[in-house]
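Please open the model in your viewer and keep the sequence panel beside it. The stops below say what to select next and what is there.

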Amino acid sequence: MHFITAFPPSRFPITSRQLIFASIALLGVSAVFAVLNLQRTRGLRTGIVQSETARQTAEQQRASREKLLKDREAAVASANAKFGDTQSKAARTEAELARVQAEKNDLQGKLRTNETEIAELRKRIETAATRPEMPGAAHAGSTAELQAQLEDAKKQLDAAEREKVLLSDKVKVTHEKSSQLETEKKHRPAPGGNNPGIRGTVLAVNPAYNFVVLSLGARQGVEPNSEMLVLRGGSFIGKIRISSVEPATAIGDIITSTLARGVQVQPGDTVVYAGNNS
């Protein structure tokens with residue numbers, strides 16, 4: 001029995017050897033694609049790792065900047081509060097000084113009046129004591145009257161003397177208080193500005209980010225990028241560079257290269273204008 005096929009026989013019959021070579025070629029191509037895919041996958045993984053690392057670094061930098069800004073804002077707020085307290089204290093001192101001066105002037109006026117009264121009473125007593133005697137009944141009446149006037153004048157003189165002592169004590173107290181207030185006013189730290197020789201003080205220090213808050217601001221002429229010398233007890237400590245300025249305060253970055261080994265800027269240190277690098 002013969003079978004009739006629908007397809008004519010191939011002109012070029014495929015041998016098993018050709019199939020093997022074709023398979024090997026396909027496997028080689030597959031291997032090349034596999035290697036390429038592996039390299040691409042590794043590249044993508046590396047890119048992802050690098051992107052993640054960059055993202056984490058950026059996040060850390062952002063968090064660090066935010067913390068720095070918050071610390072600076074807190075330091076400025078604290079410095080402004082201290083500056084406000086200092087200003088309020090200065091205003092109270094001025095008002096108290098004016099009140100004490102007025103009280104002192106009033107007491108001195110009363111003391112002068114009292115001294116004048118004492119002088120008049122003494123004059124009256126001397127006049128009464130040296131008045132000539134009169135004869136008879138007139139003499140008796142006049143003597144009694146003079147004696148009463150003399151006793152009254154002596155009592156008034158005694159009271160005036162006691163009042164003089166009290167007034168003198170009060171004048172002494174007010175004078176001492178006035179001198180104390182004048183001394184406090186004279187030695188109060190004066191705010192400095194962007195001018196040679198004018199000084200300010202360090203209000204706060206942030207050692208983590210190496211910046212300080214100063215008792216100087218735009219009102220005193222402080223400008224960004226200007227440099228200030230830091231002094232302690234008249235000795236040079238280091239330098240700071242102004243980074244931002246507020247109306248009454250300023251923030252300066254500590255130039256660490258100018259600090260001696262083991263020396264740190266501290267609150268209360270004096271700052272003096274050194275120059276502008278802008």
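A polar contact, as the term is used here, is a pair of N or O atoms within 3.5 Å, where within protein one must be able to donate a hydrogen and the other to accept it, and residues adjacent in sequence count only if both atoms are side-chain atoms. This is a predicted model, in which local features need pLDDT of at least 70 and side-chain atom pairs count only at pLDDT 80 or more, while totals for chains, interfaces and linings use all residues. Residues are numbered from 1 along each chain as its sequence is written, and side-chain values use heavy atoms, with hydrogens and water left out.

Begin with asparagine 206 and tyrosine 209: a polar atom of the asparagine 206 side chain lies 3.1 Å from the backbone nitrogen of tyrosine 209. Asparagine 206 belongs to strand E1, residues 199-206 (helices, H or I, of at least four residues and strands, E, of at least two are DSSP runs numbered from the N terminus). Its relative accessibility is 14%, so asparagine 206 counts as buried (buried means under 20% relative accessible area, exposed over 50%, partly exposed in between, with a 1.4 Å probe and protein chains only). Leaving out residues up to four places away in sequence, asparagine 206 touches Asp71 and Phe211, a contact being heavy atoms within 4.5 Å.

Next, select valine 230, which sits in strand E3, residues 226-232, and is buried, with a relative accessible area of 0%. Not counting residues up to four places away in sequence, valine 230 touches residues that include Phe236, Ile237, Ile240, Val265 and Val271. Add leucine 259 to the selection: the C-alpha atoms of valine 230 and leucine 259 are 9.7 Å apart, with their positions 29 residues apart in sequence.

Now colour the chain by pLDDT, the predictor's confidence in each residue, from 0 to 100. Among the elements, strand E5 (residues 250-255) has the highest mean, 93, and helix H2 (residues 136-186) the lowest, 73. Over residues 189-194 the pLDDT is below 50, although this stretch has 26 contacts in the model beyond near neighbours in sequence. Where pLDDT is low, the predicted coordinates should not be read in detail.

Finally, show the whole protein chain, which has two helices and six strands, running α-α-β-β-β-β-β-β from the N terminus on. Buried residues make up 25% of its 278 residues.
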